[in-house]
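Subject: Structure handover

Dear colleague,

I am passing on to you the structure that I have been going through, and I would be glad if you opened it before you read the rest of this message.

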Amino acid sequence: PVEEPINPADVVQADTAEPGPPLSVDRSKQKQTVNCTKYNQVMINGKESEVAIKGVCRQIMVNGDRNRITADAASEIIFNGYDNELRYSRFANGRRPVIT
């Protein structure tokens, strides 16, 4: 299949030279906002949480089940669990995220 071109209006630039420290949400059933200010890695460890992620992240890793995440942009998304949902609205440095 051929991927649709990325709309330039949906591209956000991130400085990848010096990533910031890891950020995490470490409990179940949380409703939380996380801010990626320096191309951080975000880890969500738990189940049934609702997390809003602002900014551009290097990686979003979800460890658990039935989490609902909305994110601005990420270069990589990793799921470990089932029935997780992550929606992103923009593309980091003009590339689609790698999803595993």
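The notes below go through what was found, beginning with the strands and ending with the rings.

Please keep in mind throughout that this is a predicted model.

A good place to begin is strand 5, which covers residues 50-63. Strand 5 runs parallel to strand 3 and is joined to strand 3 by six bridges, and in this pairing Thr-33 stands opposite Ala-52. Strand 4 also runs parallel to strand 5, with five bridges between the two, and here Val-42 has Ile-60 of strand 5 standing opposite. Between strand 5 and strand 6 there are eleven bridges, and these two strands again run parallel; if you look for Ile-53, you will find that its bridge partner in strand 6 is Ala-71.

Next comes the disulfide, and the count for this model is one. Which two residues does the disulfide join? The pair is Cys-36 and Cys-57, with 2.1 Å from S to S. Because Cys-36 lies in strand 3 (residues 31-36) and Cys-57 lies in strand 5, the pair ties together parts that are 21 residues apart in sequence. The torsion about the S-S bond is about 95°, and the disulfide is therefore right-handed. Are these two cysteines buried or exposed? Residues under 20% relative accessible area are called buried, so Cys-36, at 6%, counts as buried, and Cys-57, at 0%, counts as buried too.

Cys-57 leads us on to the largest nonpolar core, which has 15 residues. The members that touch the most other members are Val-42, Ile-44, Val-51, Ile-53, Cys-57, Ile-60 and Ile-69. Strand 3, strand 4, strand 5 and strand 6 (68-80) are the elements that give two or more residues to this core, and strand 5 gives the most, with five residues. As background, nonpolar side chains tend to be buried together in soluble globular proteins. If you follow Val-42, leaving aside residues up to four places away in sequence, you will see that Val-42 touches Leu-23, Val-34, Cys-36, Ile-53, Cys-57, Gln-59, Ile-60 and Met-61. Another core, of six residues, lies apart from the largest one, and among its members are Val-12, Tyr-39, Val-56 and Ala-92.

Leu-23, which was named among the contacts of Val-42, is placed in strand 2 (residues 23-25). With a relative accessible area of 23%, Leu-23 is partly exposed. Although Leu-23 and Asn-40 are 17 residues apart in sequence, their C-alpha atoms are 6.9 Å apart in space. Leu-23 also touches Gln-41, a residue of strand 4 (residues 41-45). Gln-41 counts as buried at 14% relative accessibility, and its side chain is joined to the side chain of Gln-59 by a polar contact of 2.4 Å. The contacts of Gln-41 include Pro-21, Pro-22 and Arg-58 as well.

Finally, there is one aromatic pair. Tyr-88 and Phe-91 form this pair, which is edge-to-face, with 5.8 Å from centre to centre and 80° between the planes. Tyr-88 is partly exposed, at 30% relative accessibility, whereas Phe-91 is buried, with a relative accessible area of 10%.

With best wishes

Terms used. Residues numbered from 1 in each chain as written. Predicted model: local features only at pLDDT ≥ 70, side-chain atom pairs only at ≥ 80, totals over all residues. Heavy atoms only, no water. Disulfide = S-S within 2.5 Å. Helix = DSSP H or I, 4+ residues; strand = E, 2+ residues; numbered from the N terminus. Buried < 20%, exposed > 50% of the residue type's maximum accessible area, 1.4 Å probe, protein only. Contact = heavy atoms within 4.5 Å. Polar contact = N/O pair within 3.5 Å; in protein donor to acceptor, adjacent residues only side chain to side chain. Core = buried A, V, L, I, M, F, W, Y, C linked by side-chain atoms within 4.5 Å. Phe/Tyr/Trp six-rings, centres within 6.5 Å; stacked < 30°, edge-to-face > 60°. Pairing = 2+ DSSP bridges.
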